Amino acid sequence: MIDLKNINRRRFMGLAGMTAAASMVPWKVRQALAATPLPAVKEEDAIIGFGHVGPISDEGWTYSHHQGLEAVKAAFPKAKYLEVENIPFSADCTRIYRQMVSDGANMIFSTSNYGDLIYEVSDRATDVAWFECDGRRPADNLSGYYIQHWYPTYVVGIAAGLLSKTGKLGYVASFPVPSVFSGTNAFLMGARTVNPNATLQAVVINSWFDPQGAKQAGTALADNGCDFLFGIMDEAAYLQVAEERGIWAAMWNTDIRRYGPKAYVSSIVLDWKDYYVEQVKKRLAGEWTGGEETLLPMGKGIDRDAWGERVPADVAAKADAVRDKMLKEGWSPFVGEIKDAEGTVRVPAGHRMTEDELYNWDWSIEGVSGLKV
Amino acid sequence: MPASPSPRPIVALRGIGKVFPGVIANADVDFDLLPGEIHALLGENGAGKSTLMNVLTGIYRPDSGAILMDGKEVAFASPVEAIAAGIGMVHQHFKLVRAFTVAENVHLGWKETPRLASKSVLEARTRALSERYGLAVRPEARIDELSAGEQQRVEILRVLARQARVLILDEPTAVLTPAEARVLFKALRAFKDAGNSVIFISHKLDEVMEIADRVTVLRGGRKVLTETTENCTTTKLAQWMVGREMVLGGLREAIVPRSEAGRIVLALDHVSASDDRGRKGLIEVDLPVRAGEILGIAGVAGNGQRELSEVLTGIRRPDSGRILVEGVPLDDPSPDVFLELGVGHIPEDRIKSGIAPSLPISDNAVMRAYGEAPIAHGIFFSPKAADALAKQIADDAAVTIPSLRTPIRNLSGGNQQRLVARREMRIARLAIVAAYPSRGLDVGAISTLLHYLIDLRNQGVAVVLISEELSELFDVTDRIAVMFKGRVMGLYETKDADLERVGLLMGGQTQQTEAA
Amino acid sequence: MALHFVRSPVVSSARALTARVIGFVLALGLGALVLGIAGFDSLHLGRQIIVKSLGSQFGLEDLGLLYTPLLLTGLAVTVMARMGLWNIGADGQFYLGAFVTTAIGLFIKGPEPFMLVLMFFAGAAGGALWILVPTLAKAYAKVDEIITTLLLNFVALLLVYYVATGPWRDRVSGTTASTGRVPYKMPDFFGSLHWGFVIALAAPILFALALRYTKWGYEVRLSGANPDAAHYAGIPVRRRLITIMLLSGAIAGIAGMLEVAGTVHRLQGGISNNYGYLGVMVAVLARGSALGVIAGAFLMALILNAGIILQTQGLTTSAVLALTGLIMLFTAIADQFAHYRLVRPRAATA
């Protein structure tokens with residue numbers, strides 16, 4: 001649970017100057033530490049490692065990071081690259097990163113948050129620039145980065161509220177982690193702006209990639225009367241369920257509408273290219289310092305996908321109007337009063353949730369069921 | 001033996017040699033098997049009889065020499081090829097699938113087995129074969145329900161069904177009653193009369209004289225001679241076999257007469273016990289065993305002897321009744337209790353329960369003494385002390401062993417038996433139960449073993465000797481009990497007992513049925 | 001006449017080893033060939049594996065950290081194999097050991113040395129507890145231990161997933177799907193290699209010594225070689241079976257404890273890394289010998305480490321898995337082949 005009282009000192013420092021939201025630039029949850037930058041590296045001497053949680057062929061999360069790597073390769077063709085897929089959440093992760101270091105990597109991107117399993121190596125490999133996606137423990141040589149996915153999620157949530165007839169939204173969740181809480185909450189908040197009675201039921205399947213589990217969860221949710229499925233999965237299983245059942249679905253990561261063109265509404269799509277290229281450029285130039293936590297904003301790293309073929313124009317227009325407001329005015333819907341699932345007020349009236357709070361959201365709002373820490 | 005100069009041998013072995021590490025098993029052995037003869041292969045344990053036959057049937061490859069069949073040189077790579085060429089062997093330890101029925105075993109791995117045949121078809125075919133060869137078997141019975149004699153008939157039937165021209169039998173009568181042996185001999189003669197040949201491996205002189213046309217004697221891996229049985233006597237055979245004057249007598253003389261009966265040290269009181277299949281194995285048995293006597297248990301194998309020996313040593317718990325030691329009933333008759341009391345046990349099937357074949361000789365030799373000094377010190381076990389004891393037991397048993405660290409399965413069956421016997425005698429302060437101790441042993445070894453038992457008896461130990469050899473029982477026992485279908489049919493002083501009567505009781509014939 | 005294969009039931013160790021070396025080399029050769037066709041420089045990869053596993057600090061650390069759990073799970077399976085039983089549940093016992101260790105580490109406070117000792121015994125107890133039901137079922141109802149131990153793996157996995165993502169979920173650093181960091185740590189002695197490695201290496205030696213130099217060891221050897229003979233010798237076979245199975249579980253549980261306290265420091269879903277199942281492979285490689293576990297686990301650790309190296313060299317996990325499988329398959333084939341000898345019909349000499 002995150003509230004202002006519990007934010008530690010370092011984090012509090014990071015929050016300073018965050019009141020004026022300008023969502024067109026990457027949001028720094030925490031600024032780079034004032035450490036000495038790592039020395040410059042010649043492009044031909046550079047070795048850049050990427051470690052992924054899933055297979056590149058997943059057409060989802062890992063694929064999007066791989067696209068980022070391809071962009072880096074195009075920008076710095078003389079550097080050498082190491083890329084490892086399917087890294088498990090076990091000591092093998094530590095071993096793989098250790099191996100990258102011993103292969104001479106100058107820069108390593110972990111595209112998932114392995115936490116200690118990375119720090120075990122990164123703390124001892126201080127001349128390597130480390131990146132941990134969705135990481136929350138920066139160090140002099142390690143930066144975290146993520147996306148402000150709650151904004152496009154809210155936008156798609158509005159479309160869901162308009163499209164759902166039953167007002168019951170289903171969510172296929174991986175783990176009860178902040179990404180999932182902020183996703184479900186933003187989604188339902190968007191839907192409730194057009195259908196105040198909408199509710200969201202989540203099913204946790206304990207995996208990011210489990211087509212069988214996702215399919216079962218999707219089916220169960222549809223059986224419960226949900227006519228709009230959303231979730232955070234690296235594959236398209238529940239989209240296919242929605243297609244078969246003639247209901248709606250919104251996805252994550254990439255455009256995978258071909259698995260269910262009729263059911264497809266939109267997707268929370270990722271784009272890491274600019275961020276990666278920029279970071280590598282800094283590292284090579286000798287300007288890189290760690291300790292940052294960056295959240296890529298909507299329009300520059302995260303967005304909603306082009307609307308599905310069956311999404312009525314007025315629904316799209318209504319949702320996009322809100323998106324424009326966010327992009328142009330820096331408007332945020334995440335303003336109190338917000339109650340949690342037990343009815344307790346967690347965000348006082350008038351308080352605009354900070355990006356840090358959104359990023360670390362770990363409680364469900366009223367109307368969300370099936371998610372518990 | 002017909003005198004015709006040289007009918008071509010059906011099988012001829014020429015100069016066969018086979019060496020195992022440290023042992024010459026066969027050296028320059030010639031052997032001819034003529035059509036229409038029963039040819040006995042006689043020799044002590046370790047004389048090389050089994051090795052020679054294993055060479056013939058393709059289990060071993062000879063180091064030198066040649067095998068000719070019908071005059072042509074052959075080499076079988078496996079017993080399967082040998083049987084295809086018409087040579088079938090029935091081993092001492094049966095190679096049957098215990099969980100299968102008789103019919104299934106007969107048809108297993110046989111090219112004439114009809115595909116997709118139902119159980120009843122297989123059983124009908126087996127019944128037909130059984131009648132054709134005069135070997136009574138129960139086609140529907142499972143192998144593990146059968147007595148050793150029945151199992152042997154199944155093995156022989158298996159071989160004969162595959163149209164064998166040459167039948168090799170390794171110690172076939174070791175597991176048979178006299179009556180069963182007679183049935184076997186009859187079947188063998190019929191087989192011979194049809195122009196086929198039999199190789200009969202044995203160390204029993206009487207039966208060699210009875211059944212064989214010719215006999216080849218092996219000693220120390222070499223051939224001593226081949227002779228027609230007409231020109232042999234048992235004395236001559238024994239001399240050739242052991243290479244020295246061998247007297248089987250002298251047993252009676254060794255028995256020290258007693259003026260009065262010893263006290264009862266071990267007794268069964270109305271004991272009933274189940275066998276492994278949960279059927280009645282022992283029924284209401286009363287059996288007192290006295291100190292300083294040899295009590296013989298006569299009977300055809302499979303009539304409760306196994307259960308009796310196991311109940312008497314704590315391996316099997318009785319369902320009802322009491323076991324008394326020195327008049328005191330045992331609360332918890334478990335093997336360690338009997339070990340503590342000083343009851344030795346030479347088990348019926350040493351490979352199954354008497355030894356651990358894969359463990360070193362040393363570990364096997366100390367099975368009864370590992371828990372006490374000098375081998376055990378507190379929780380520790382001294383391999384050195386174990387080796388010392390094993391060496392002593394091996395020396396006492398007159399078994400020469402290459403290394404105490406080699407697995408005991410590398411020893412011959414006879415040597416294993418000698419070690420087990422010595423090991424058990426060491427602990428037998430109160431009593432010893434010896435089940436078929438002479439099974440698979442040669443004349444010399446049997447004599448030695450029986451003398452051991454007599455010595456124990458003379459020292460005041462109670463000896464229970466389970467045997468099928470009536471002559472053996474009449475030679476050495478003080479009293480004889482006869483078992484039939486789990487019951488003790490009668491208990492006699494040996495000097496008053498009548499061989500004929502005991503034989504009838506073994507067949508289940510009591511006075512009443514005789515009268516009827 | 002054609003050549004024939006004849007099977008002999010017993011194989012000498014030298015013969016078995018030769019067959020394995022041949023199988024191993026063949027598997028490597030085939031793997032290299034396929035990689036070569038796919039455009040990889042097999043020789044270079046091979047050199048990388050050797051140099052990086054054995055020739056660098058990081059490589060040796062990694063090797064040691066892989067070796068540690070494999071020694072213990074391999075031993076756990078071997079211990080039961082001495083009784084003629086298969087512990088397919090070492091993975092579950094590993095999880096339970098890790099689970100109990102984490103529970104104590106997270107919720108009890110105390111001086112570190114004391115806590116580590118407590119965690120060690122608790123981990124062992126956790127592993128033993130997890131095999132208790134299969135043990136009793138085996139000892140008193142003859143229920144097949146292969147099935148029961150295997151099925152409990154899934155229960156243990158789900159339990160760990162549940163606590164790691166649910167009640168014990170890390171609320172401090174937000175690490176996905178794992179518990180908070182256990183504050184007590186096995187001391188390191190070589191980079192990140194901790195003293196658990198020494199414990200793991202000592203365990204098979206201790207077990208081998210116990211088998212040979214204790215009464216209990218003799219009874220276990222006899223009970224394993226022939227339970228009927230052991231019963232005949234007055235040994236309480238059932239009690240030995242129970243202690244051996246519990247010991248096996250405890251050893252796997254210690255592997256889980258060391259993985260938490262020495263290597264990962266948190267409890268998480270994938271923490272066993274299949275070490276329990278790999279322990280079965282190690283035991284097969286070791287051919288039932290406790291000391292053979294030291295060699296078998298080393299080979300397995302080397303293979304796993306090679307897998308890591310190959311991944312950073314651009315091979316996918318599937319290719320690495322296929323290579324590992326290939327080596328195992330050829331080893332199994334070699335083990336079978338060792339039983340056969342080629343018999344050539346002799347030329348007529350008579």
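1. A residue is called buried here if 20 or more other C-beta atoms lie within 10 Å of its own. By that criterion, 49% of the 516 residues of chain B count as buried; as with everything below, this figure comes from a predicted model.

2. On the overall form of chain B, the C-alpha atoms fill a box of roughly 70 × 60 × 45 Å when it is taken along the principal axes. The radius of gyration of chain B is 24 Å, and because a compact globule with 516 residues would have a value near 24 Å, the two agree.

3. Turning to the secondary structure and the contacts within the chain, chain B holds 19 helices and 22 strands. If one considers the contacts in chain B with a separation of 6 or more, 69% of them are accounted for by residues that stand 24 or more positions apart.

4. Chain B is divided by the domain assignment into domain 1 (11-242), domain 2, which is given as two segments (251-342 + 428-515), and domain 3 (358-423). The centres of domain 1 and domain 2 of chain B, taken over C-alpha atoms, are separated by 32 Å.

5. Where these domains of chain B meet, 16 residues of domain 1 are in contact with 14 residues of domain 2. On the domain 1 side of that contact in chain B, helix H5 (148-161) and helix H8 (234-242) each supply at least two residues, and the residues of this side comprise 7 nonpolar, 6 polar and 3 charged.

6. Between chains, 29 residues of chain B are in contact with 25 residues of chain C. The side of chain B that touches chain C draws at least two residues from each of helix H11 (335-341), helix H12 (350-354) and strand S18 (380-381) of chain B. Sorted by class, the residues on this side of chain B are 17 nonpolar, 5 polar and 7 charged.

7. Chain C also touches chain A, in a contact that takes 32 residues from chain C and 30 residues from chain A. On the chain C side, helix H3 (57-81), helix H7 (145-165), helix H11 (237-264) and helix H13 (290-312) of chain C each contribute at least two residues. The residues of chain C on this side divide into 8 nonpolar, 18 polar and 6 charged. A reader should take care with the name H11, since it denotes residues 335-341 in chain B and residues 237-264 in chain C.

Terms used: Residues numbered from 1 in each chain as written. Chains lettered and ligands numbered in written order. Predicted model: local features only at pLDDT ≥ 70, side-chain atom pairs only at ≥ 80, totals over all residues. Helix = DSSP H or I, 4+ residues; strand = E, 2+ residues; numbered from the N terminus. Rg over C-alpha atoms; globule rule 2.2 N^0.38 Å. Buried ≥ 20, exposed ≤ 12 C-beta atoms within 10 Å, placed from the backbone. Contact = placed C-beta atoms within 7 Å. Nonpolar A, V, L, I, M, F, W, Y, C, P; charged D, E, K, R; others polar. Domains from an automatic or database assignment.
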